[in-house]
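Welcome! Here is a short briefing for anyone meeting this structure for the first time. Take a look at it below, and then we can walk through it together.

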Amino acid sequence: MGQIEWAMWANEQALASGLILITGGIVATAGRFAQWYFGAYSIVAGVFVCLLEYPRGRRRKGSTMERCGQKYMAAVVKLFGPLTRNYYVRAVLHLLLSVPTGFLLATILGTVCLAIASGIYLLAAIRGEQWMPIEPKPKERPQAEDIKQPPSNPPPRPPAEARKKPSEEEVAAGGGPQVNPIPVTDEVV
């Protein structure tokens, strides 16, 4: 069985928690809760988390499906170098971002989700994972000898014995078409 790549789970969890933080912040700010400024902070923190977590990291083995428009955000994340590539830094950053949002009921779900994502990132960092951008594979043009010719006998093909052509001797010896000894009639009822 394969090794679990925890960073992929943490990425999805953190992206979802960023969206939840934005939603809770909008509810708290629009509803003029008593501490609505935590809601405004939650909106800003949620947008920051979403921008940081939108680009997926490359997997060690196998292929990774790139999100739509990810290459633009991946360039920004790659620009900050070890600050955004290191999962220890991300774990601490997410934990610190989640603390102020925990003081408001509308944003408490986003706080818990972000704290869970922080824990998963810490586990990924302990296991030695780090963020690497998804790089497009160079497209190789097929060489002339690599191109296969289409089949000369399209499917459905008869068995190999039926495809054998009779030799001239077999044809001369009566190996030609056979006559059906049972009369066949075509009666429509």
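The notes below go from the whole chain to its core and then to its surface.

Please keep in mind that this is a predicted model. The protein has eight helices and zero strands, so-called α elements that follow one another as α-α-α-α-α-α-α-α along the sequence.

**The whole protein**

- The chain has 189 residues, and 29% of them count as buried.
- About 13800 Å² of the protein is exposed, with carbon and sulfur atoms supplying 64% of that area.
- If you take the contacts between residues at least 6 apart in sequence, 71% of them join residues at least 24 apart.

**The largest nonpolar core**

- This core has 18 residues, and the ones that touch the most other members are Ala14, Val49, Tyr87, Leu97, Leu114, Tyr121 and Trp131.
- At least two core residues come from each of these helices: α1 (6–30), α2 (36–53), α3 (70–79), α5 (87–101) and α6.
- Helix α6 gives the most to the core, with six residues.

**Ala14, a good place to zoom in**

- You will find Ala14 in helix α1.
- Is Ala14 buried or exposed? Ala14 counts as buried because its relative accessibility is 0%, and the cut-off for buried is under 20%.
- Leaving aside residues up to four places away in sequence, Ala14 touches Val49, Glu53, His94, Ala117 and Tyr121.
- Ala14 and Ile116 lie 102 residues apart in sequence, yet their C-alpha atoms are 8.3 Å apart in space.

**Tyr87, another core member**

- Which residues does Tyr87 touch, not counting those up to four places away in sequence? They are Ala7, Tyr121, Ala124, Ala125, Glu129, Gln130 and Trp131.
- Tyr121 is on the contact list of Tyr87, and Tyr121 is also on the contact list of Ala14.

**A nonpolar patch on the surface**

- Now turn to the outside, where Leu105, Ile108, Leu109, Val112 and Ile116 form a nonpolar patch.
- Together, these patch residues have about 470 Å² of accessible area.
- One of them, Val112, sits in helix α6, which covers residues 108–126.
- Val112 has 43% relative accessibility and therefore counts as partly exposed, a class that lies between under 20% for buried and over 50% for exposed.
- Helix α6 thus appears in two of our topics: it holds Val112 of the patch, and it supplies six residues to the core.

How values were computed: Residues numbered from 1 in each chain as written. Predicted model: local features only at pLDDT ≥ 70, side-chain atom pairs only at ≥ 80, totals over all residues. Heavy atoms only, no water. Patch = residues over 30% accessible without salt bridge, like charges linked within 9 Å, V, L, I, M, F, W, Y side chains within 5 Å. Areas by Shrake-Rupley, 256 points an atom, 1.4 Å probe, with all protein chains shown as cover. Salt bridge = Lys/Arg side-chain N within 4 Å of Asp/Glu carboxyl O. Helix = DSSP H or I, 4+ residues; strand = E, 2+ residues; numbered from the N terminus. Buried < 20%, exposed > 50% of the residue type's maximum accessible area, 1.4 Å probe, protein only. Core = buried A, V, L, I, M, F, W, Y, C linked by side-chain atoms within 4.5 Å. Contact = heavy atoms within 4.5 Å.
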